[in-house]
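Student: I have a structure open on the bench computer and would like to work through it with you, one question at a time. Could we begin with the charged residues and then turn to the ligand?

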Amino acid sequence: MFSKKLIQRLNHSSSVVVLTGAGISAESGVPTFRGKDGLWENYNVQELATPEAFNENRETFWKFYNWRRKLLNDIKPNLGHYALVDLENFLSDFTLITQNVDNLHQKAGSKNVIELHGNITHTYCIDCNFRTNRDEFEDEVDGIPRCPECNGYMRPDVVLFGETLDPECLTKAQEASATCEVFFSIGTSSLVEPAASLPYVAKGNGAYLVEINTEQTPLSVTADEALLGKSGKILPLLVMILDRFR
Ligand code: OAD
């Protein structure tokens, strides 16, 4: 399944970047965004996960986010997440960039994680920027959490549709991509910018580009290796082989 070139590259590379999308969490039971069984099949995310919904329909907005957060509370990382923890332990310079807000990489034990789209377990106050974990607000009356510091409205610390990414996070992700020797794109449809550009930044700077996905994506033709299959199966296998050849 893996080329000799990839194994040699990984054994000799000093820096590796992994970009993940919703697909890596699919085997944990988290719905993806697109495709059948996608989250968008049941909810109109494009309408709910927006600054407009937060401003105009705060109760429904928070109902949706509370539903997603509670769903995620009981969900556990899968073998794909854990294999990335092993990979981080093998390598001296490893950066994990994720588009997921589900906190599962951290739950698994990954350390150097850039959360491009934020983290659903965190909240911040739109008035005074006070930040805290969402679980602090279980007792609110109308389902809309208020800031314990200034009584302002709290919102989830995630990037909503139409919002730009945190520039510091994005710069870090771009820099890591531009300087890595191997870049993995895992479980993402490679459709949403600016994350979708990162593999091209890496490849343009000489990185070996590997994709792991259950389907072909627009990135597949550019990848040096496009591995078709579930990340929860492919990644543990890769770690096993790397371990054997160390
Ligand atoms: P998508 O739902 O667009 O794509 C998920 C990808 O995972 C698809 O290409 C699937 O083929 C693949 N996939 C599914 N199961 C898999 C498995 N077990 N192993 C490997 N691959 C699998 O999700 P993203 O690309 O993450 O942004 O979506 C990007 C962004 O779109 C999200 O972060 C979200 C949305 O707009 C925000 O909310 C800001």
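Student: Does Asp 157 count as buried or partly exposed, and what is its relative accessibility?

Tutor: Keep in mind that this is a predicted model. Buried is reserved for residues under 20% relative accessible area, and partly exposed runs from there up to 50%. Because Asp 157 has a relative accessibility of 22%, the residue counts as partly exposed.

Student: Which residue forms a salt bridge with Asp 157?

Tutor: Side chains of opposite charge can pair when their charged atoms come close. Here the closest N and O atoms of the pair are 2.7 Å apart, and a salt bridge requires a distance within 4 Å. The partner lies in strand S5 and Asp 157 in strand S6, so the bridge ties together parts that are 26 residues apart in sequence. The residue that pairs with Asp 157 is Arg 131.

Student: How many salt bridges does a search of the whole structure find?

Tutor: Besides the pair of Arg 131 and Asp 157, Glu 163 forms a salt bridge with Arg 155, with closest N and O atoms 2.7 Å apart. The side chains of Lys 203 and Asp 224 also meet in a salt bridge, at 2.8 Å from N to O. The number found in the whole structure is three.

Student: Which residue of the pair Glu 163 and Arg 155 is buried?

Tutor: Glu 163 has a relative accessible area of 25% and is therefore partly exposed. The other residue has a relative accessibility of 7%, so the buried one is Arg 155.

Student: Where along the chain is Asp 224, the partner of Lys 203?

Tutor: Lys 203 belongs to helix H9, which spans residues 198-204, and the two residues are 21 residues apart, so that the pair links distant parts of the chain. Asp 224 is partly exposed, with a relative accessible area of 33%. Asp 224 is found in the loop between strand S8 (208-213) and strand S9 (225-228).

Student: Turning to the ligand, which residue has a side-chain N or O atom 2.9 Å from an oxygen atom of the ligand?

Tutor: Two backbone contacts can be set aside: a backbone N or O atom of Ala 22 lies 2.8 Å from a ligand oxygen, and a polar backbone atom of Gln 99 is 3.2 Å from an oxygen atom of the ligand. The side-chain contact at 2.9 Å comes from His 117.

Student: What share of the ligand's accessible area does the protein cover?

Tutor: There are 22 residues surrounding the ligand, and the closest include Phe 33 and Arg 34. On its own the ligand has 800 Å² of accessible area, of which the protein covers 91%.

How values were computed:
Residues numbered from 1 in each chain as written. Predicted model: local features only at pLDDT ≥ 70, side-chain atom pairs only at ≥ 80, totals over all residues. Heavy atoms only, no water. Near = heavy atom within 4 Å. Polar contact = N/O pair within 3.5 Å; in protein donor to acceptor, adjacent residues only side chain to side chain. Areas by Shrake-Rupley, 256 points an atom, 1.4 Å probe, with all protein chains shown as cover. Helix = DSSP H or I, 4+ residues; strand = E, 2+ residues; numbered from the N terminus. Buried < 20%, exposed > 50% of the residue type's maximum accessible area, 1.4 Å probe, protein only.
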